[in-house]
Amino acid sequence: MSETQANSSAPNSLPSPADTLLPTYTRAQLALRNGQDRDEIWVAYQGNIYDVSRSRLWRRGNHYEHWAGQDLTRELDHDAPHTPNVFDNFPIIGRLISPVK
Ligand code: HEM
């Protein structure tokens, strides 16, 4: 099993040993991937950073008045009409330094 498959299979689980192989990013680095400044569109949830660049629902970094390039843990848990399973089809490309607890 590849590293990506191992990590994307259970986005809500505790960090697995494979997570330690992922690169880490600061909030400032994440903010550059907001869909405006670069082609990459990244979203953080519970410490994991997901690449949602290929999603039609995140074009230009905007998703139902939510913006990429941020930790959207609270927003998903409190505002979204769906579960975190929406991330199942997207790769975890890194870990956020100091995510919201
Ligand atoms: C008012 C808030 C929100 C609304 C109305 C909304 C609505 C939707 C809808 C209708 C879908 C597609 C159908 C589904 O899977 O249920 C979707 C998918 C998705 N949502 Fe949200 N959402 C909201 C907030 C969020 C937040 C805060 C996040 C991120 C942390 C998020 C991440 C995603 C992702 C990754 C997908 C999958 C996109 C794809 O498959 O292309 N959503 N959302």
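## Strand pairing

Asn48 stands opposite Arg95 in β6. That places us in a predicted model, at the pairing of β3 with β6. Strand β6 covers residues 92–96. The two strands run antiparallel and share three bridges.

β3 also pairs with β2. Here four bridges join the strands, again in the antiparallel sense. β3 spans residues 48–51, and β2 spans residues 42–45. Trp42 stands opposite Asp51 in β3.

## The hairpin turn

β2 and β3 form a hairpin. Two residues lie between the strands. Gln46 sits in this turn, and its phi is positive, at about 50°.

## Around the ligand

The ligand has 19 residues around it. Those that come nearest are Ser55, Leu72, Leu76, Ala80 and Val86. Two elements give two or more residues each to this shell: β2 and the helix α3, residues 73–78. So β2 appears twice in this account: it belongs to the hairpin, and it contributes to the ligand shell.

What classes of residue make up the shell around the ligand? Eleven are nonpolar, five are polar and three are charged.

## The whole chain

The chain holds three helices and six strands. Along the sequence they follow the pattern α-β-α-β-β-β-β-α-β.

The chain has 101 residues, and 23% of them are buried. Consider the contacts between residues at least 6 apart in sequence. Of these, 69% join residues at least 24 apart.

How values were computed: Residues are numbered from 1 along each chain as its sequence is written. This is a predicted model: local features need pLDDT of at least 70, side-chain atom pairs count only at pLDDT 80 or more; totals for chains, interfaces and linings use all residues. A residue is near a molecule or strand if its C-beta atom, placed from the backbone, lies within 6 Å of it. Ala, Val, Leu, Ile, Met, Phe, Trp, Tyr, Cys and Pro count as nonpolar, Asp, Glu, Lys and Arg as charged, and the others, Gly among them, as polar. Two strands pair if DSSP finds at least two bridges between them. A residue is buried if 20 or more other C-beta atoms lie within 10 Å of its own, exposed if 12 or fewer, and partly exposed in between; C-beta atoms are placed from the backbone. Two residues are in contact if their C-beta atoms, placed from the backbone, lie within 7 Å.
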